[in-house]
Amino acid sequence: MADFEAVTKAVVPAAGMGTRFLPATKATPKEMLPIVDKPAIQYVVEEAVSAGLLDVLMVTGKNKRSIEDHFDRAHELEEILEAKGDDERLSQVREPADLATLHYVRQGTPRGLGHAVLCAKQHVGDHPFACLLGDDLIDPRDELLKRMIEVRGTRGGSVIALMEVPHEQVSLYGCAAIEATDEDDVVKVTDLVEKPPADEAPSNWAIIGRYVIDPAVFEVLENTPPGRGNEIQLTDALRTLAGRGGDQGGPVHGVLFRGRRYDTGDKLEYLRTVVRFAAERPDLAPEFVPWLKEFLASR
């Protein structure tokens, strides 16, 4: 198979209002909610970097300035920690600014994920790119994005991450109709539907928040009318690309993901994520896990 253009850029849409976490997100971006002591958005950027993507564009919106501040240098704080000789915390403060080259663009009006991706057009240009949604955290031990980039490199077009969900939950996701390929974890996507009723879903393989996208998506998004929720849906644009040949930005393949994914956009899943991460931290687990067991036993 031919080798296609390498993916070097990542786009992280982070312009959502975070209404499910009000009032906490009234003045604090939901992407900055901590997973123990590190904001969720930092895990997403670290994932992009670990896959070799050092050029990261954040698509932000109103009241998101703290995201930019987090990935910037904090000279006064650094000087205080340096004077104290607190090298551990100094390293933690400097780490976000040293991860990658960060760029920012604002999505002036919240018009859906497809519109947020379209805001990246000028920065990305005519090149393939990865898109990582901040609500989905992929365990660093499961190198999903790296695998998706490999599939794009050999098959071209776009690649989406698919995860099997219970039938009663398919209406919460975009779902894919799929055909097998000669690789066990790769399928060809023949159709996509955004949040279908459970009895109309083409499968229970749902799109999770990782994409590797052909730049042809921008032309499609510019001509995609608002869909579900009166928003421009990325799923609708990818559906169009799925019906095209390689000379027009198609096809679309899916990587079947069976690893560890954490949904930080839902309150209960967010709490579960914090507990899981804390229970695996060597500095916290020795005291936290026994306390948690004792607490649960007393309920």
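# Pockets, rings and strands: worked exercises

The lining of the largest pocket divides into 19 nonpolar, 13 polar and 16 charged residues. Keep in mind as you work that this is a predicted model.

**Exercise 1. How much space lies in the largest pocket, and which residues lie nearest its centre?**

Step 1. Start with the volume: the largest pocket holds about 1500 Å³ of space.

Step 2. Turn to the walls, where 48 residues form the lining. Arg20, Lys30, Leu133, Asp135 and Lys195 are the ones nearest the centre.

Step 3. Now trace the lining back to secondary structure. At least two residues each come from helix H5 (113–118), strand S8 (158–164), strand S11 (205–213), helix H9 (234–242), strand S13 (261–263) and H10. Of the elements, S11 gives the most, with four residues.

**Exercise 2. What volume does the second largest pocket have, and which element supplies the largest share of its lining?**

Step 1. The volume of the second largest pocket is about 310 Å³.

Step 2. This second pocket is lined by 14 residues, and Asp37, Gln42, His70, Gln92 and Val93 are the closest to its centre.

Step 3. Strand S3 (38–39), helix H2 (65–70) and helix H4 (87–98) each bring at least two residues to that lining. H4 has the largest share, with four residues.

Step 4. Sort the lining of the second largest pocket by chemistry, and you find five nonpolar, three polar and six charged residues.

**Exercise 3. How many cavities of 30 Å³ or more does a search of the whole structure find, and which residues line the largest cavity?**

Step 1. The search of the whole structure returns one cavity of 30 Å³ or more. The space in the largest cavity comes to about 40 Å³.

Step 2. Its lining consists of Lys30, Glu31, Ala40, Gly134, Asp135 and Thr264. By class, that is one nonpolar, two polar and three charged residues.

Step 3. Compare this with Exercise 1: Lys30 and Asp135 line the largest cavity, and both names also appear among the residues nearest the centre of the largest pocket.

**Exercise 4. How many aromatic pairs does a search of the whole structure find?**

Step 1. The search of the whole structure yields six aromatic pairs.

Step 2. Take one of them, phenylalanine 21 with tyrosine 270: the ring centres are 5.5 Å apart and the planes meet at 80°. Planes over 60 degrees apart count as edge-to-face, so this pair is edge-to-face.

Step 3. Ask what the pair connects. Phenylalanine 21 sits in the loop between strand S1 (9–13) and strand S2 (34–35), while tyrosine 270 belongs to helix H10 (residues 267–279). With the two positions 249 residues apart, the pair links distant parts of the chain. Phenylalanine 21 and tyrosine 270 are both buried.

Step 4. Look next at tyrosine 43 and phenylalanine 277, also an edge-to-face pair, with 5.3 Å centre to centre and 85° between the planes. Here helix H1 (residues 40–50), which holds tyrosine 43, is linked to helix H10, which holds phenylalanine 277, across 234 residues.

**Exercise 5. Are tyrosine 43 and phenylalanine 277 buried or exposed?**

Step 1. The cut-off is needed here: buried means under 20% relative accessible area.

Step 2. Tyrosine 43 counts as buried because its relative accessibility is 17%. Phenylalanine 277, at 16%, therefore counts as buried too.

Step 3. Add the neighbours. Tyr43, Tyr262 and Phe277 make up one aromatic cluster, and lysine 38 lies over the face of tyrosine 43, 4.6 Å from the ring centre.

Step 4. Widen the view to H1, which is mostly covered, with nine of its 11 residues buried. Among them are Ala40, Gln42 and Tyr43. After H1 comes glycine 52, with a positive phi near 90°.

**Exercise 6. In which sense do strand S9 and strand S10 pair, and what is the bridge partner of alanine 176 in S10?**

Step 1. Strand S9 (residues 174–180) and strand S10 (residues 186–194) pair in the antiparallel sense, over seven bridges.

Step 2. Alanine 176 has leucine 192 of S10 as its bridge partner.

Step 3. Finish with the connection: five residues make the hairpin that joins S9 to S10.

Methods:
Residues numbered from 1 in each chain as written. Predicted model: local features only at pLDDT ≥ 70, side-chain atom pairs only at ≥ 80, totals over all residues. Heavy atoms only, no water. Phe/Tyr/Trp six-rings, centres within 6.5 Å; stacked < 30°, edge-to-face > 60°. Buried < 20%, exposed > 50% of the residue type's maximum accessible area, 1.4 Å probe, protein only. Lys NZ or Arg CZ within 6 Å of the ring centre and 35° of its normal. 1 Å grid on protein atoms, 1.4 Å probe; cavity = no way out; pocket = protein on both sides within 12 Å on 5 of 7 lines; lining within 4 Å. Points joined across faces, edges and corners; volume = space filled by probe spheres on them. Nonpolar A, V, L, I, M, F, W, Y, C, P; charged D, E, K, R; others polar. Pairing = 2+ DSSP bridges.
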